[in-house]
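Please look through the structure below, and then follow the paragraphs that lead from its annotated spans to its interior.

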Amino acid sequence: MSDRPDLSARLAGLAQGLRTIGHAVPGIDLFAAVTFAPVPLIVLGAFFGGLWPWLAVAWIGGLIYALDRLIAHAAPDAPGGCEFPAADRLSVALAVAHFGLLLLGVAALSGATGLSFPARIALFFACGLFFGQVSNSNAHELIHRADKRLFVLGKWVYISLLYGHHASAHRLVHHRFVATRDDPNSAVLGESFWAFAPQAWTGAFIAGWQMEEARRKRLAPEDWRARLAAVNPYVSYVLGAIWCVLLVGLLFGLAGVLAYLALCLYAQMQILLADYVQHYGLERAQTGTGQYEPVSARHSWDAPDPVSSLWMLNAPRHSDHHAHPARPYPELRLGETAAEGRPMLPRSLPAMATLALIPALWHRVMDPRARALRKPARGL
């Protein structure tokens, strides 16, 4: 007999997990249920329009926030030594879903399925939010995996969003220089998102290229086969992006290319919003040797909200990711949220990303919090 639980047992376990959100360590089934919940709505919306795409938007933009506020209790941290062997399988499934939804979304937005204009608007936002919040969180997990196959899968998720350089810039630049002026993806106090975004995009692209070039030259293999294998990965990022655009053009014409570029731009904006929010106004102090202090929990804004954490594969537990970049998402820890000097967002990460679109409101809410946290840091 198989030792796998039957379907009824899995459903019973999932139902139990839903009832204990915020009070028990979530299993992979719960992450899967939350991340995949809007996928059928998006698919139905792409084919039939009507209320389906609006329901997808309502789930992503409204229900997740409402459940966060209703439960208002962070899920406990996974015990030390606890393993989640199904975590990578969910990541692979989400990556496959991403590619399917991307093609379907572009097809529907280009007019291939005959959607009305209002339905296309709703579908655009549903797809863009999914790509920017779930696909990004998942690809981010994959590019930190030691398994080369998983890394390549995550890289191609980013390439399909015309953001392939993130696979290099995030690992080689952001993790090394986070919360300093040397990191293009760490927003300084007083900077608006609209000023941050273009500088972060171009700065990360250039800095990632420079780091990859330096690494390639340092290796400097003599054998031509080894040199070919050591080609700067930016070649694959750029050529891959061109290939994606050409493929969309061949399949769906100019309308498809325009829809694809718009979706990629909106998804990239979601990614940049997450970067902006998660390190806004925080800075690492310089030591007497001119180096920066080690990265700690004081250099990332975390969020305890339980449902949006499931939705974004625990990306809101950002400080622990910086402390342990290879730690799989179900094992990321929040720790003591009430500790003195601990940066905690007043609302969920998606909610604060929305607030960041309105600089006046963002600065009114976040600048006093960031200033209060910077004073002890400068005393080092």
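UniProt, in an unreviewed entry, places the feature "transmembrane region" at residues 92–111, 117–135, 156–173, 193–209 and 234–263; its positions are given in the numbering used here, its feature names are shortened, and its annotations may be inferred rather than shown by experiment. The model is predicted, so that local features need pLDDT of at least 70 and side-chain atom pairs count only at pLDDT 80 or more, while totals for chains, interfaces and linings use all residues. Residues are numbered from 1 along each chain as its sequence is written, and side-chain values use heavy atoms, with hydrogens and water left out.

Residues 92–111 are 90% helix and 0% strand, with end C-alpha atoms 29 Å apart, and residues 117–135 are 100% helix and 0% strand, with end C-alpha atoms 25 Å apart. Helices (H or I, at least four residues) and strands (E, at least two) are DSSP runs, numbered from the N terminus.

Helix H7 covers residues 148–160, and because the expected span is 1.5 Å times one less than the number of residues, its 13 residues should span 18 Å, which agrees with end C-alpha atoms 18 Å apart. Among its buried residues (under 20% relative accessible area, 1.4 Å probe, protein chains only) are Leu150, Phe151 and Tyr158. The buried residues of H7 pack against helices H5, H6, H8 and H11, and H7 is followed by leucine 162, whose phi is positive, near 60°.

The largest nonpolar core, a set of buried Ala, Val, Leu, Ile, Met, Phe, Trp, Tyr and Cys residues joined through side-chain atoms within 4.5 Å, has 89 residues. Helix H11 (residues 234–279) gives the most to this core, with 17 residues.

Notes: Buried means under 20% relative accessible area, exposed over 50%, partly exposed in between (1.4 Å probe, protein chains only). Contact means heavy atoms within 4.5 Å.
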